Amino acid sequence: MLEHFKKRLDRHTPQQIALDYPEAGILVPVTDRTADPELILTQRAAHLKTHRGQVAFPGGKRDLTDRSLEETALRETHEEIGLAPSQVQVVGTLSQVVSRHRILVTPYVGVVPHGAALEANPSEIDSIFKVPLSFFMEDRRLRTDALGFQGSTLYVPCYEWEEYHIWGLSAVVLVDFLNAVYDAGIDLLEPPS
């Protein structure tokens, strides 16, 4: 699985966005389960000022001491869910996205041990959960949201897993991952038929 991800992401050409915005790095953590890998996601704490209660990938804004955005993603992941950088094998990057708060976000795909101990930092995260990648490949979306971005409209799926809704920026990153690694063919530029 690790080699498959690496091979596919090496062939993927992530979109770079030329904007002078503050930067953030996020991790798209996938478990190393061979039979049905799982994606690890978080629900942000309800008391936060921005994106409260939303589903997100672990990560955050770049600190001046971070040598790279990959380091940012790994440091923030460790702070938020207790996953040590030494437990993550970063295998590639995905296309940059811009948050509605004008932050330029670079996602990194990392393979992590299925049984890794995870612990939510209550100052940032209400819960951590895993979703089998096979669920997303079935494309059982709850709805499709039409979101404006740089003069275009993106048709972004919203997935419901248990009590969690995976939508917005997280869903855009997820779709890029599914298209790059699994040839999912999810088109964000056209409404679903």
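Two strands are said to pair if DSSP finds at least two bridges between them. The legends below describe a predicted model.

**View 1. The hairpin of β9 and β10, with its bridges and its turn.** Strand β9 (143-149) pairs with strand β10 (residues 152-161) in the antiparallel sense, over seven bridges. Within this ladder, T144 stands opposite P157 of β10. The two strands form a hairpin that leaves two residues between them, and in the turn Q150 has a positive phi of about 45 degrees. The chain reaches β9 from α3 (133-137) through a loop in which D139 is found; D139, although not a glycine, likewise has a positive phi, of about 50 degrees. D139 has a relative accessible area of 29% and is therefore partly exposed, a class that lies between the 20% and 50% limits.

**View 2. The open sheet β9-β10-β11.** Three strands, in the order β9-β10-β11, form an open sheet with antiparallel pairing. Its edge strands are β9 and β11 (164-166), each of which pairs on one side only. From one strand to the next, the twist averages 30 degrees. The antiparallel strands β10 and β11 are joined by three bridges, and W161 has Y164 of β11 as its bridge partner. Strands of a sheet pair through backbone hydrogen bonds, either parallel or antiparallel.

**View 3. Helix α4 lying across the sheet.** Helix α4 lies across β9, β10 and β11, and runs at about 95 degrees to β10. The 15 residues of α4 should span 21 Å at 1.5 Å a residue, and because the end C-alpha atoms are 21 Å apart, the model agrees with that expectation. The helix is mostly covered, with twelve of its 15 residues buried; among them are G168, S170, D176 and A180, along with V172, V173, L174 and V175. Following α4 comes D183, whose phi is positive, near 50 degrees.

**View 4. The largest nonpolar core and the surroundings of F177.** The largest nonpolar core has 39 residues, of which L39, F136, I166 and F177 touch the most other members. Helix α4 (residues 168-182) gives the most to this core, contributing nine residues. When neighbours within four places in sequence are left aside, F177 is in contact with F5, V30, L94, V109, L133 and Y182. A second, separate core has eleven residues, including L69, L74, L83 and A116. In soluble globular proteins, nonpolar side chains tend to be buried together.

**View 5. Aromatic pairs, with F135, F136, F177 and Y182 in close-up.** The structure holds eight aromatic pairs. The ring centres of F135 and F136 are 5.3 Å apart and their planes stand at 75 degrees, so this pair is edge-to-face, the class that applies over 60 degrees. Both F135 and F136 are buried. A further edge-to-face pair is formed by F177 and Y182, with 6.2 Å centre to centre and 80 degrees between the planes. The partners of this pair are classed separately: F177 has a relative accessible area of 0% and is therefore buried, whereas Y182, at 28% relative accessibility, counts as partly exposed. Ring pairs also link F135, F136, Y159 and W161 into a cluster.

**View 6. Helix α2 and the strands that cover its buried residues.** Helix α2 (residues 69-81) has 13 residues, which at 1.5 Å a residue should span 18 Å; because its end C-alpha atoms are 18 Å apart, the expected span and the model agree. The buried residues of α2 include L69, A73, L74 and I81, and also R75, E76 and E80. What covers the buried residues of this helix includes β1 (23-31), β2 (38-44), β4 (59-61), β5 (89-93), β7 and β8 (125-132). Just after α2, G82 takes a positive phi of about 75 degrees.

**View 7. R102 in the loop between β6 and β7.** R102 has its place in the loop between β6 (97-98) and β7 (104-112). The phi of R102 is near 60 degrees, a positive value in a residue other than glycine. With a relative accessible area of 56%, R102 is exposed, because that class begins over 50%.

Notes: Residues numbered from 1 in each chain as written. Predicted model: local features only at pLDDT ≥ 70, side-chain atom pairs only at ≥ 80, totals over all residues. Heavy atoms only, no water. Core = buried A, V, L, I, M, F, W, Y, C linked by side-chain atoms within 4.5 Å. Buried < 20%, exposed > 50% of the residue type's maximum accessible area, 1.4 Å probe, protein only. Helix = DSSP H or I, 4+ residues; strand = E, 2+ residues; numbered from the N terminus. Contact = heavy atoms within 4.5 Å. Expected span 1.5 Å × (residues − 1). Axes fitted to C-alpha atoms, helices over the stretch in contact; angles between N-to-C directions. Phe/Tyr/Trp six-rings, centres within 6.5 Å; stacked < 30°, edge-to-face > 60°.
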